[in-house]
Amino acid sequence: MLRFHKFFQKGKCSVIGMVHVGGLPGTPLYSGNTTKIINDAVNDAIIYRDCNIDGILVENMHDIPYVRSRDLFPETISMMTRVCIEIKRILPENIPCGIQILAGCNKEAIAVAKATNFQFIRAEGFVFSHIADEGFIDACAGSLLRYRKQIDANDVLIFADIKKKHSSHAVTSDVSLSETVKAAEFFLADGIILTGTATGDPVKTTELTEVKEVAKGPVFVGSGVTIENMENYIHSDGMIIGSYFKVNGVWKNAIDKNKVNNFMTKLRKLENIGR
């Protein structure tokens, strides 16, 4: 928790807004205009900054269909690094930034975070294996933490997805949610991310309660949070929000500044009432 509270305020539920970077060069949805990709990502970050968001998470969400690390090309890493540099440039120091590179490209994310002074990554496949829509994702904690140490990036936090969305966990069906949390923390995850079954799907409140009872470190709700259901998740350490902040609640759309503002205003009122 000490590492987490170095960047996120103690005693409140932090809101982390998603910046979904446009399709990058070499991917099917690439538009042919890298300047627009960078500017769109920076403009999203400016909206979050102006709405007093607590953190930002940058992700190559538009690079569908996703590939695993072995099929990732240098231009993706280069462009994500450039985007992160430009975002960092316009943000105050008190807004921590994270990066996720799909799919399961966690070493690459650590490298970009180190190069751009980002504070955390979101890692899938940290413990146990699962079948995702892009294929088999194996556990990576051992090699990932060794790589983090090797490149002197130990100050970059790793927030680990457990029983991740868009995935089959049949191979680990005999491993409970609580046991998965314990394993992730035993393997030195800096935070736990709990999701619904797909992007935009809400987390089951019973599962959040179970995870909070077991986890010693911070717990994030990683999907499905809206202004209507935020009360269900306010006792988490953080909410990672993408779809709800977009026009019509669709992740592919632009960010709706009014939705971000209204969400943050309501959340802070609820927190003040609870004090």
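Which residue's side chain meets that of Arg-148 in a salt bridge? The partner is Asp-190, at an N to O distance of 3.1 Å. The legends below describe this pair and other close-up views of a predicted model.

**Figure 1. The salt bridge between Arg-148 and Asp-190 in the predicted model.** The side chains of Arg-148 and Asp-190 meet at 3.1 Å, N to O. Arg-148 belongs to helix 5, whereas Asp-190 sits in the loop between helix 6 (177-186) and strand 9 (191-194), so the salt bridge ties together parts that are 42 residues apart in sequence. Both residues of the pair, Arg-148 and Asp-190, are buried.

**Figure 2. The buried and exposed sides of helix 5.** Ala-141, Leu-144, Leu-145 and Arg-148 are the buried residues of helix 5. Viewed down the helix axis, these buried residues fall within an arc of 90 degrees, so they line one face of helix 5. The face turned away from the buried side carries Arg-146 and Gln-150, both of which are exposed. Just after the helix, Asp-152 adopts a positive phi of about 60 degrees.

**Figure 3. The salt bridge between Lys-114 and Asp-152.** In this pair, the closest N and O atoms are 3.9 Å apart. The contact links distant parts of the chain, with Lys-114 in helix 4 (residues 106-116) and Asp-152 in the loop between helix 5 (141-150) and strand 7 (157-161), 38 residues apart. Lys-114 is partly exposed, at 35% relative accessibility, while Asp-152 is exposed, with a relative accessible area of 56%. Asp-152 is also the residue with a positive phi just after helix 5.

**Figure 4. The salt bridge between Arg-70 and Asp-71, and a salt-bridge network elsewhere in the model.** The side chains of Arg-70 and Asp-71 meet at 3.7 Å, N to O. Arg-70 has a relative accessible area of 66% and is exposed; Asp-71, at 38%, is partly exposed. A second view shows Lys-12, Asp-54, Arg-268 and Glu-271, which are linked in a network of salt bridges. Across the whole structure, the search finds 14 salt bridges.

**Figure 5. Helix 3 and the elements that cover its buried residues.** Helix 3 (residues 74-90) consists of 17 residues. From its first C-alpha to its last it reaches 25 Å, close to the 24 Å expected at 1.5 Å a residue. Its buried residues are Thr-76, Met-79, Met-80, Thr-81, Val-83, Cys-84, Glu-86, Ile-87 and Lys-88. The charged residues Glu-86 and Lys-88 are thus listed among the buried residues of the helix. The cover over these buried positions includes strand 1 (14-20), helix 2 (34-50), strand 2 (55-59), strand 3 (97-100) and helix 4.

**Figure 6. Strand 3 and its pairing with strands 2 and 4.** Both faces of strand 3 are covered, with Cys-97 and Ile-99 buried on one side and Gly-98 and Gln-100 buried on the other. Strand 3 pairs with strand 2 in the parallel sense over four bridges, and Gly-98 is the bridge partner of Leu-57. Strand 3 also pairs in the parallel sense with strand 4 (residues 120-123), over two bridges; here Ile-99 has Ile-121 as its bridge partner.

**Figure 7. Two right-handed β-α-β units that include strand 3.** One unit is made by strand 2, helix 3 and strand 3. The other is made by strand 3, helix 4 and strand 4. Helix 4 of the latter unit carries Lys-114, the partner of Asp-152 in a salt bridge.

**Figure 8. Two exposed lysines, Lys-252 and Lys-182.** Lys-252 lies in the loop between strand 11 (238-241) and helix 8 (257-274) and is exposed, with a relative accessible area of 52%. The C-alpha atoms of Lys-252 and Val-21 are separated by 9.9 Å, although the two residues are 231 residues apart along the chain. Lys-182 is found in helix 6 and is exposed as well, with a relative accessible area of 53%. Lys-182 and Cys-105 are 77 residues apart in sequence and 23 Å apart in space, C-alpha to C-alpha.

Terms used
Residues numbered from 1 in each chain as written. Predicted model: local features only at pLDDT ≥ 70, side-chain atom pairs only at ≥ 80, totals over all residues. Heavy atoms only, no water. Salt bridge = Lys/Arg side-chain N within 4 Å of Asp/Glu carboxyl O. Buried < 20%, exposed > 50% of the residue type's maximum accessible area, 1.4 Å probe, protein only. Expected span 1.5 Å × (residues − 1). Contact = heavy atoms within 4.5 Å. Arc of directions from axis to C-beta. Pairing = 2+ DSSP bridges. Right-handed = clockwise from strand over helix to strand, strands pointing away.
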